[in-house]
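Me: I should like to understand how the terms used for a protein structure are justified. Please set each value against its definition.

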Amino acid sequence: MFAAGTDTTYTVLEWAMTELLRHKTVMHKLQDEVRTVVGNKTHVTEEDLVNMNYLKAVIKETLRLHAPVPLLVPRKSMEDIKLNGYDIEAGTQVIVNAWAIARDPSSWEQPLEFKPERFINSSINYKGLDFEFIPFGEGRRGCPGVFFAIAVNELVLANLVYQFDWKLPDGVAEKDLDMSETVGLTCHRKYPLLAIATKYDRNE
């Protein structure tokens, strides 16, 4: 349980930082929100997160494009059923591809683009009721750690963009950042993200 929770959480954070470094406008908008809400405090607290709607949209968009667990826990068909022209017999093991669902152009406009704004004023969430977006699965067998994972991701990401200004190493352009993924139970970056942090001066 601890290994699964740690692995998926840091994977989401690494993808979130990758997308923010590729999209400077999004990074600056997020930093403006976080720094406005937090003010001159030393760090972001859980109470601050309530007022960070853009942060929540960034996390959701990261989960949409980079589901940490691309293939959900296998299920078993309880009865014979015909679905989209396919005959599925009772007892058949079924695996849901959450990664593909979240990039389906029939559900998402410009599905391969990182656009947190799509979740602003949207009722879509990750609780399993919106089947076009199920990074944590749904129903009784959905991820039991969903709320813990979201709280950790929001708190850590908010503190990262609050405490530091970020940039890619010299000579690395946003368009050249390798977005290759690994193949496995979790969907990591193929190459670890390298970024340079500069301490943010709250007094400037």
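The questions and replies below go from the whole chain to single residues.

Me: How do you know what kind of model this is, and how are its residues numbered?

Reply: This is a predicted model, in which local features need pLDDT of at least 70 and side-chain atom pairs count only at pLDDT 80 or more, while totals for chains, interfaces and linings use all residues. Residues are numbered from 1 along each chain as its sequence is written, and side-chain values use heavy atoms, with hydrogens and water left out.

Me: What makes a stretch of the protein a helix or a strand, and how many of each are there?

Reply: Helices are DSSP runs of H or I with at least four residues, strands are runs of E with at least two, and both are numbered from the N terminus. The protein has 6 helices and 6 strands. Their order from the N terminus is α-α-α-α-β-β-β-β-α-α-β-β.

Me: How do you know whether the radius of gyration agrees with that of a compact globule?

Reply: The radius is taken over C-alpha atoms, and the globule rule is 2.2 Å times the number of residues to the power 0.38. For 204 residues the rule gives a value near 17 Å; the protein has 18 Å, and therefore the two agree. Along the principal axes, the C-alpha atoms fill a box of roughly 65 × 40 × 35 Å.

Me: What makes a residue buried or exposed, and what percentage of the protein is buried?

Reply: Buried means under 20% relative accessible area, exposed means over 50%, and partly exposed lies in between (1.4 Å probe, protein chains only). Buried residues make up 40% of the 204 residues.

Me: Why is α4 called largely enclosed?

Reply: Helix α4 is called so because 11 of its 13 residues are buried. Among them are Tyr54, Leu55, Val58 and Ile59, together with Lys60, Glu61 and Arg64. The helix covers residues 53–65 and reaches 19 Å from its first C-alpha to its last, close to the expected 18 Å. The expected span is 1.5 Å times one less than the number of residues.

Me: How do you know that the span of α2 agrees with the expected one?

Reply: The 15 residues of α2 (residues 24–38) should span 21 Å, and the end C-alpha atoms are 21 Å apart, so the values agree. Its buried residues include Val26, Met27, Leu30 and Val34. After α2 comes glycine 39, with a positive phi near 70°.

Me: Why is glutamate 19 called buried?

Reply: Its relative accessible area is 2%, and therefore glutamate 19 is buried. Glutamate 19 is found in helix α1 (residues 2–22). A contact means heavy atoms within 4.5 Å. Leaving aside neighbours within four places in sequence, glutamate 19 is in contact with Leu65, His66, Phe114 and Met179.

Me: Why do tyrosine 162 and valine 152 fall on opposite sides of the 20% limit?

Reply: Tyrosine 162 has 0% relative accessibility, so this residue counts as buried. Valine 152 has 25%, and therefore counts as partly exposed. Tyrosine 162 is in helix α6, and valine 152 lies in α6 as well. Leaving aside neighbours within four places in sequence, the contacts of tyrosine 162 include Val34, Val38, Gly39, Tyr200 and Arg202. Valine 152 and glutamate 46 are 106 residues apart in sequence and 9.4 Å apart in space, C-alpha to C-alpha.

Me: What makes the phi of asparagine 84 and of asparagine 121 worth a remark?

Reply: Most residues other than glycine have a negative phi. The phi of asparagine 84 is positive, near 50°, and that of asparagine 121 is positive too, at about 60°. Asparagine 84 lies in the loop between β2 (81–83) and β3 (86–88), whereas asparagine 121 lies in the loop between α5 (98–101) and α6 (146–163).

Me: How do you know whether these two asparagines are buried or exposed?

Reply: Asparagine 84 has a relative accessible area of 74%, so this residue is exposed. Asparagine 121 has 83% relative accessibility and therefore counts as exposed.
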